[in-house]
Amino acid sequence: MVDLQFKPVTNELQRLCKAVKLLEGGLAVPFDVNFAGQTCRAFAIRYEGMVQAYLNRCTHVAMELDWQPNQIFDDSGQWLLCASHGAAYRPETGQCVGGPCQGSLVKIKVSERDGVVYWHSADNLKPVPF
Ligand code: FES
């Protein structure tokens with residue numbers, strides 16, 4: 001029997017913040033997600049005009065990148081840095097480019113419309129239940 005009440009949450013838009021809160025190379029905007037069944041911190045940044053978002057989880061050790069709240073860019077505004085051991089990531093892809101990290105940060109799809117930034121839910125990425 002088919003459950004007609006089931007509504008998949010895949011690719012639903014979740015309001016993240018006003019677009020003006022994300023300044024080029026500036027402080028990240030944090031938000032919470034349910035990733036693979038666990039509540040995780042995530043962050044959004046703006047780089048080269050585009051909003052990008054990632055789980056706030058280093059690929060070296062599963063720690064949050066920022067030691068000062070929302071300060072994830074380096075001083076040049078060109079790299080995302082992990083404060084624990086200095087891993088460096090490309091802002092536009094989350095790819096590790098230096099330090100003890102491997103691979104990429106977990107990327108979260110985002111979109112920007114009418115002055116508002118949204119993140120997109122997926123099969124393993126959902127809003128945190130209230
Ligand atoms: S935890 Fe990020 S570099 Fe070690």
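Biologist: What is the handedness of the disulfide of Cys96 and Cys101?

Modeller: The model is a predicted one. In it, Cys96 and Cys101 are bonded through sulfur atoms that lie 2.0 Å apart. The torsion about their S-S bond is about 75 degrees, so the disulfide is right-handed.

Biologist: Are Cys96 and Cys101 buried or exposed?

Modeller: A residue counts as buried under 20% relative accessible area. Cys96 has a relative accessibility of 14%, and Cys101 has a relative accessible area of 8%. Both values fall under that cut-off, so Cys96 and Cys101 are buried.

Biologist: How many disulfides does the structure hold?

Modeller: A disulfide is a covalent bond between the sulfur atoms of two cysteines. Such a bond is found between Cys96 and Cys101. For the structure, the number of disulfides is 1.

Biologist: Why does Cys40 not form a bond with Cys58?

Modeller: Cys40 is itself buried, at a relative accessible area of 8%. Two cysteine sulfur atoms count as a disulfide within 2.5 Å. The closest cysteine sulfur to that of Cys40 belongs to Cys58, and the bond is ruled out because the distance is too far, at 14 Å.

Biologist: Which residues line the largest cavity?

Modeller: A search of the whole structure gives 1 cavity of 30 Å³ or more, and the largest cavity holds about 40 Å³ of space. One of its lining residues, Cys82, is buried, with a relative accessible area of 5%. The full lining consists of Cys58, His60, Val61, Met63, Cys82, Ser84 and His85.

Biologist: How many nonpolar, polar and charged residues are in the lining of the largest cavity?

Modeller: Cys58, Val61, Met63 and Cys82 belong to the lining, and their residue types count as nonpolar. His60, Ser84 and His85 also belong to the lining, and their types count as polar. By class, the lining has 4 nonpolar, 3 polar and no charged residues.

Biologist: Which element gives the most to the largest nonpolar core?

Modeller: The largest nonpolar core has 19 residues, and those with the most contacts inside it are Leu16, Phe31, Val33, Ile108 and Trp119. Two or more residues come from each of β1 (13-18), β2 (29-35), β3 (38-47), β4 (50-55) and β10 (116-120). The element that gives the most, with 4 residues, is β2.

Biologist: How many residues are in the second, separate core?

Modeller: This core includes Ala28, Cys58, Ile72 and Phe73. Cys58 is also among the residues that line the largest cavity. The size of the second, separate core is 16 residues.

Notes:
Residues numbered from 1 in each chain as written. Predicted model: local features only at pLDDT ≥ 70, side-chain atom pairs only at ≥ 80, totals over all residues. Heavy atoms only, no water. 1 Å grid on protein atoms, 1.4 Å probe; cavity = no way out; pocket = protein on both sides within 12 Å on 5 of 7 lines; lining within 4 Å. Points joined across faces, edges and corners; volume = space filled by probe spheres on them. Core = buried A, V, L, I, M, F, W, Y, C linked by side-chain atoms within 4.5 Å. Buried < 20%, exposed > 50% of the residue type's maximum accessible area, 1.4 Å probe, protein only.
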